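Here's a quick briefing for anyone meeting this structure for the first time. Have a look at it below, then read on.

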Amino acid sequence: MRQTSAGVIKLLFELHEGLSRAGPGSDEATRRAFRMIPRLSRSPVILDIGCGPGAQTLELARLSGGRVIGLDIHLPFLAHLMSRRREEALSGRISLIQGSMSALGFKPGVFDIIWSEGAIYIHGFDEGLRTWRSFLKEGGVCAVSELSWLTKDPPSEPSTFFSDVYPGMRTVSENLAACRKYGYNIIGHFALPDDAWEKNYYRPLARRLKTFGSKHPDDPDALALISATRREIALFRKYSTAYGYVFYVLRKRGRQPFTRF
């Protein structure tokens with residue numbers, strides 16, 4: 001993404017506070033990606049980077065039977081997840097850390113799985129793949145979702161929009177090539193369905209825009225953010241076949257055989 005001012009970032013966080021998701025996703029997509037991965041351990045250690053309010057963090061804890069560490073820089077997101085884990089009696093299986101994905105303070109080779117839904121772009125897709133790999137055990141898995149072009153020749157309207165907000169956006173085949181370059185074998189990949197955007201993210205976000213706007217009626221940054229968000233929603237509804245979030249499920253390159261969960 002292009003450089004964003006601290007004030008706009010603060011507004012972005014505020015806009016998403018209280019929502020169950022800070023980006024497109026679904027429990028079904030999390031389950032589909034998880035079921036692709038190798039059976040690394042009966043109790044895997046999972047790092048969820050950029051966990052946000054943690055819908056997928058909770059689902060990973062339910063699915064894996066292991067320990068999940070949710071990491072995010074925004075404390076209100078972690079507070080939301082803390083409340084949810086308590087409600088679902090998952091406090092013993094989910095740990096929370098406030099921190100930056102670009103400054104992970106873990107020892108090398110400690111995680112069975114590194115997970116990141118809709119957040120790796122913050123660090124950069126290539127940089128995330130390159131630097132996070134060292135924290136995986138041999139044969140460990142990295143599962144990330146990344147905004148990707150689903151066609152080689154995207155229409156001009158979304159192409160112009162994303163050339164400004166995400167100029168590094170690439171096609172699925174280009175991202176797969178990057179995955180191989182940075183030391184991963186491809187287990188599988190798939191695009192998130194429209195419901196993961198519309199039902200789980202855009203509809204709640206559109207409702208939030210109304211209250212957000214009433215709170216910031218004279219703030220030019222807030223008004224610009226509202227306008228850009230509405231345009232983004234309209235673009236996806238018109239061009240959802242041209243782009244979307246794609247889950248990439250990858251294995252740190254090695255020779256170990258594996259079975260699926």
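Does S240 count as buried or exposed? At 18% relative accessibility, S240 counts as buried, because the cut-off for buried is under 20%. Keep in mind that this is a predicted model. Let's start with S240, then move on to strand β5.

**Around S240**
- You'll find S240 in the loop between α10 (220-239) and β8.
- Leaving aside residues up to four places away in sequence, S240 touches L150 and D194.
- With D194 there's also a polar contact: the two side chains are joined at 3.3 Å.

**Strand β5 and its surroundings**
- Strand β5 covers residues 136-149, and 12 of its 14 residues are buried, so the rest of the structure largely encloses it.
- As a bit of background, side chains in a regular strand alternate between the two faces of the sheet.

**Who pairs with β5**
- Strand β4 (residues 111-117) runs parallel to β5, with 6 bridges between them; I113 has V141 in β5 as its bridge partner.
- Strand β8 (residues 243-252) runs antiparallel to β5, and 9 bridges join the two. Here V144 is partnered by Y248 in β8.
- Strand β6 (residues 170-171) is parallel to β5 and is joined to it by 2 bridges, with W149 standing opposite T171 in β6.

**Getting from β5 to β6**
- Leaving β5, the chain passes through helix α7 (residues 156-165) before it reaches β6.
- This β-α-β crossover is right-handed.

Note on methods:
Residues numbered from 1 in each chain as written. Predicted model: local features only at pLDDT ≥ 70, side-chain atom pairs only at ≥ 80, totals over all residues. Heavy atoms only, no water. Buried < 20%, exposed > 50% of the residue type's maximum accessible area, 1.4 Å probe, protein only. Helix = DSSP H or I, 4+ residues; strand = E, 2+ residues; numbered from the N terminus. Pairing = 2+ DSSP bridges. Right-handed = clockwise from strand over helix to strand, strands pointing away. Polar contact = N/O pair within 3.5 Å; in protein donor to acceptor, adjacent residues only side chain to side chain. Contact = heavy atoms within 4.5 Å.
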